[in-house]
Amino acid sequence: MYNQLISKKIKLAVIGLGYVGLPLALEFAKHFSVIGYDINQRNLKLLQSKIDPSKEIPQESFHNRDIHFTSNSEELRDASFFVIAVPTPIDKYNKPDLRPLLSATLTVANIIQPGDYVIYESTVYPGCTYEECVPLLERVSGLRVRRDFKVGYSPERINPGDAEHSLQDTIKIVSACDSESLETTAKVYESVVTAGVHRAPDIRVAEAAKIIENTQRDVNIALMNELSILFNRMGINTYDVIQAAATKWNFVPYTPGLVGGHCIGVDPYYMVHKASELKYHPQMIASGRFVNDSMGGYIAKQTVKKLLSNDLPLLRAKVLILGVTYKENVSDIRNSKVVDIVRELQSFRVAVDVVDPHADPHAVEEEYQIKMLPKPGGKYHAVIVAVAHKDYVKMTENDFKELLDPKGLVVDLRGVFKDTIKELRYWSL
Ligand SMILES: NC(=O)c1ccc[n+]([C@@H]2O[C@H](COP(=O)([O-])OP(=O)(O)OC[C@H]3O[C@@H](n4cnc5c(N)ncnc54)[C@H](O)[C@@H]3O)[C@@H](O)[C@H]2O)c1
């Protein structure tokens with residue numbers, strides 16, 4: 001398989017060209033002949049013009065790559081090595097929504113041939129590949145796993161907006177259904193991941209490893225969020241406490257904040273789902289989710305309290321929120337928890353303006369029915385720095401004075417201005 005791929009006798013296909021699939025496909029296309037397949041026509045047109053719809057990848061990265069973008073599944077028949085990187089979100093009940101994963105699996109199941117490989121990159125609960133995907137592949141294709149085709153799992157670890165930990169520089173976990181296919185899969189990934197690969201002994205181990213990476217972060221952030229609620233009652237600044245504690249060698253400096261996006265705030269629910277099937281109630285994981293999901297409402301209520309205690313007129317209060325993306329310096333607005341702050345403030349009839357240089361205003365309006373402003377409009381009673389975008393981190397106290405009523409409040413969720421705001425009223429998590 002590997003020799004045929006490298007000599008371009010056969011093709012590699014990446015199904016799903018989003019934050020994970022596109023960089024991977026472009027990297028593979030340095031070595032192999034690649035088909036990039038996606039069902040989103042709008043994005044596909046951009047990709048065919050060498051434009052990354054999520055604005056993460058520069059145009060140069062499309063140059064000199066052997067890649068063909070298509071939404072025609074018939075063209076996938078030219079491929080023998082399939083990599084599936086479609087979304088694995090949760091539904092409104094916080095249950096895994098496997099529809100995109102199963103639909104992409106069905107696409108492959110319809111064309112798969114004996115000898116082919118199917119590798120999953122999407123984050124799933126341990127057991128999902130064998131329990132959900134393989135039966136569909138077998139039923140539709142009439143082929144048998146291991147005997148006729150191989151299946152593998154290699155979770156993605158990229159961190160959007162983080163140039164330091166790229167696909168090439170981060171060790172990648174690979175796993176497959178038998179030792180022969182594990183070696184082939186490892187070799188294919190080794191050609192793009194210079195940091196090397198880790199061979200997991202079993203697909204379920206690799207699935208579990210991915211889920212716990214994010215679950216561990218979620219639970220740790222929840223602990224800091226809970227501590228910040230407590231320290232707020234004590235009148236201590238959490239970031240001061242963390243700075244002091246971090247001088248000990250084994251203290252891990254997690255910080256409080258909103259946990260949005262499509263990974264950390266979602267993946268633990270996949271684990272909770274699997275645990276319930278096994279009749280186990282994972283209390284640590286579930287309470288981490290509870291704390292983190294409550295933070296938007298908590299921040300809004302604290303802001304209202306501070307406005308009232310500053311004698312500011314709540315019914316005519318105007319609050320500016322800086323940042324709506326799920327994290328700093330990215331344009332991704334999926335599962336933004338800033339929206340929880342907006343909704344809670346609005347429930348107190350506070351007027352809220354939102355600005356963000358990274359977010360697409362149309363996407364924000366479509367997804368959350370929030371009309372963003374191109375820039376702040378007038379004076380505000382509070383400014384909430386919700387996302388620490390580079391443009392916001394460099395703001396000075398004078399910049400905030402320009403935006404605020406003299407009695408106005410700076411709410412600094414990431415503790416960025418802890419030492420620089422001296423005169424204005426200030427509150428951070
Ligand atoms: N974004 C990250 O930082 C990140 C990191 C690690 C793991 N992951 C995981 O990787 C997976 C993909 O995430 P993402 O952020 O790249 O998602 P995304 O939403 O950015 O992209 C997914 C792409 O798949 C396409 N798609 C959906 N259904 C399809 C189908 N049936 N056939 C073909 N294409 C289809 C969509 O049109 C979209 O372009 C998820 O399981 C996610 O949890 C994401």
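The shell around the ligand in this predicted model divides into 14 nonpolar, 11 polar and 3 charged residues. In total, 28 residues surround the ligand. The closest are G16, G18, Y19, V20 and S122. Which element gives the largest share of this shell? Helix 4, residues 99-109, does, with 4 residues.

**Two domains**

The protein chain is divided into domain 1 (2-201) and domain 2 (220-428). Their centres, taken over C-alpha atoms, are separated by 34 Å. Domain 1 puts 15 residues into the contact, and domain 2 puts in 15 residues. Look at the side of domain 1 that touches domain 2. By class, 8 residues there are nonpolar, 5 are polar and 2 are charged.

**The nonpolar core**

Nonpolar side chains tend to be buried together in soluble globular proteins. Here, the largest nonpolar core has 119 residues. V14, I15, F82, I321 and I384 have the most contacts inside this core. Helix 7 (residues 203-234) gives the most to the core, with 8 residues. Both domains take part: the core draws at least three residues from each of domain 1 and domain 2.

Now take F82, one of the residues with the most contacts inside the core. Leaving out residues up to four places away in sequence, F82 touches A13, I15, V108, D116, Y117, V118 and I119. I15 is itself among the residues with the most contacts in the core.

**Strands 11, 12 and 13**

Strand 11 (residues 380-385) and strand 12 (residues 404-412) run parallel, joined by 5 bridges. Y380 stands opposite L404 in strand 12. Strand 12 also runs parallel to strand 13 (residues 425-428), and 4 bridges join these two. One pairing here sets V411 against W427 in strand 13. In a regular strand, side chains alternate between the two faces of the sheet.

**After strand 11**

V387 is found in the loop between strand 11 and helix 13 (390-393). Is V387 buried or exposed? V387 counts as buried, because it has 26 C-beta neighbours inside 10 Å, and the cut-off for buried is 20 or more. Beyond its neighbours within four places in sequence, V387 is in contact with L322, G323, T325, K327, E328 and V338. V387 and L413 are 26 residues apart in sequence, yet 7.6 Å apart in space, C-alpha to C-alpha.

**Helix 9**

Helix 9 covers residues 267-277. Its buried residues are D267, P268, Y269, Y270, M271, V272 and K274. What do these buried residues pack against? They pack against helix 7 and helix 10 (283-309). Helix 9 is followed by K279, which has a positive phi, near 60 degrees.

**Positive phi in loops**

R146 and Q369 are two residues other than glycine with positive phi. The table sets out their values.

| Residue | Phi | Loop | C-beta neighbours inside 10 Å |
|---|---|---|---|
| R146 | near 70 degrees | between helix 5 (128-141) and strand 6 (150-153) | 13 neighbours |
| Q369 | near 55 degrees | between helix 12 (361-368) and strand 11 | 8 neighbours |

The neighbour counts place these residues in separate classes. R146 counts as partly exposed because it has 13 C-beta neighbours inside 10 Å. Q369 counts as exposed because it has 8. The cut-off for exposed is 12 or fewer.

Terms used
Residues numbered from 1 in each chain as written. Predicted model: local features only at pLDDT ≥ 70, side-chain atom pairs only at ≥ 80, totals over all residues. Core = buried A, V, L, I, M, F, W, Y, C linked by C-beta atoms within 7 Å. Domains from an automatic or database assignment. Contact = placed C-beta atoms within 7 Å. Nonpolar A, V, L, I, M, F, W, Y, C, P; charged D, E, K, R; others polar. Near = placed C-beta within 6 Å. Pairing = 2+ DSSP bridges.
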